[in-house]
Amino acid sequence: MKAIKADLLDFPKQPQWGETADSEARWRPAHWLLLDDKGRIAAIQQHDPPEGVTREDHTGRLLLPGFIDTHVHSPQLPVMASYGTELLDWLNTYTFPSETAWQDEAVAQHGTALFLDALLAHGTTAAVVFPTVHKTSAEALFAEATRRGMRVIGGKVLMDRHAPDGLRDDVRGAERDCRDLIERWHGQGRNAYAVTVRFAPTSTPEQLAMAGALCKADPTLYMQTHVAENRDEVRWVAELFPAARSYLDVYARAGLLHERSVLAHGIWLDAEDRARLYASGAHVAHCPTSNLFLGSGLFDWRATSPAAVSMATDVGGGTSLSMVRTLAAAYTVQALQGQRLTAWSALHTTTRGAAEALHLQHEIGALEPGLMADFCLWDWSVGPVDAQRQRRAQSLHEKVFAWMTLADERHLAATWVAGTPRYTRRTA
Ligand code: GUN
Ligand code: ZN
């Protein structure tokens, strides 16, 4: 048994939009988090743990559940911060050429290890991940995540057209690879398989139908894709699929819209799409830094809810693996539309909210006995500028909001996954 003392913050229920009252958060300062030997939270208490329990006292540090990044690309660290393009040119100029390198198994393996370690060093303990079209890239994802004890959802990317040589599959080969990967990894340890359609333009209708059939055959599978991210992309999808009512409808017709579907972006959906999204139980992974960087558009959160919205970095379209920086960008995106994102809604979305959207609330997203001990220890400030801002904060919301807006991965002191420290900052 181990015990960590810190200032615990989490969100057992969804905060009300725009409500900054302290009651929207569960704040337990100077509490002990007790961990059992199976990597779970055993208890949370104010009084000291019994003799013989190994203790770490981090009083004065913020302890949050590990962040859940619901849309990120493991092979795209090398294309972050690529200059001058919108989505379709960005894919062709930078991203597709870079992803072809992952046909080399050793490159994929090394890149995946780097990627997962980087997630941990940014405070992310669970992620929904796109690797590449190559089967081995998904193998590497699951194997390396298992080594680190992390919760991952992912799958080999499906793309059988409109992509360069070395980055295309075909319907039958892809189906075989998916079936093999599902059998080997789905539900094994903390891994789950997601049928991974890159986006409608890179799959033939036959491949979309195959993907839909996989989902239908096993409702415990996830599905991940991109939808309605960029206006040129939306126009192209309308040309490629003239019979569909909308971009979302392409997926719905193929049987790809269900309660385990994670749809990245969703900026250019209309009211009918949003209603359909809600009715299906699917949810949108909002990717604010990516949407700003690629000039894709401003996601209308209020119009999209009550469909669930989770938060994602979308690296390499996104500009940081930090969910904290992503939340600061999310606030900006809402502010540009006359809305305000509270720290409570923001942090709920990246923890419990994402866990619920993924049907994983029994495992991750909160600080409760029985859940996995995936959590991070954060400093409130790392220098005189944000230290001064913290001293001025009056309410808890003001303090946490200032932290959310000014902090980044330098504020992360340690990341624990399944009761084991997996990242510790070198300097104090
Ligand atoms: N649409 C299709 N592929 C991608 C990708 O890799 N990143 C983003 N942001 N959008 C996409
Ligand atoms: Zn993406």
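On a 1 Å grid over the protein atoms alone, a cavity is a set of points where a 1.4 Å probe fits but cannot get out, and its lining residues have an atom within 4 Å of a point. This is a predicted model, in which local features need pLDDT of at least 70 and side-chain atom pairs count only at pLDDT 80 or more, while totals for linings use all residues. Residues are numbered from 1 along each chain as its sequence is written, ligands are numbered from 1 in the order in which they are written, and side-chain values use heavy atoms, without hydrogens and water.

**Exercise 1.** State which residues line the largest cavity and what takes up its space.

*Solution.* Step 1: the lining consists of H73, Q76, L87, W90, L91, R198, F199, H226, E229, H265 and D314. Step 2: ligand 1 takes this space; a molecule sits in a cavity if more than half of its atoms lie within 2 Å of its grid points.

**Exercise 2.** Find the polar side-chain atoms of Q76 and E229 that lie by ligand 1, and give the distances.

*Solution.* Step 1: take polar contacts, which are pairs of N or O atoms within 3.5 Å. Step 2: for Q76, the partner is an oxygen atom of ligand 1, at 2.9 Å. Step 3: for E229, the partner is a nitrogen atom of ligand 1, at 2.7 Å.

**Exercise 3.** Describe the lining of the second largest cavity by class.

*Solution.* Step 1: list the lining, which includes I68, A126, R151 and L358. Step 2: sort by class, with Ala, Val, Leu, Ile, Met, Phe, Trp, Tyr, Cys and Pro as nonpolar, Asp, Glu, Lys and Arg as charged, and the others as polar. Step 3: the result is 9 nonpolar, no polar and 1 charged.

Technical notes: A polar contact is a pair of N or O atoms within 3.5 Å; within protein, one must be able to donate a hydrogen and the other to accept it, and residues adjacent in sequence count only if both atoms are side-chain atoms. On a 1 Å grid over the protein atoms alone, a cavity is a set of points where a 1.4 Å probe fits but cannot get out, and a pocket is an open set with protein on both sides within 12 Å along at least five of seven lines; lining residues have an atom within 4 Å of a point.
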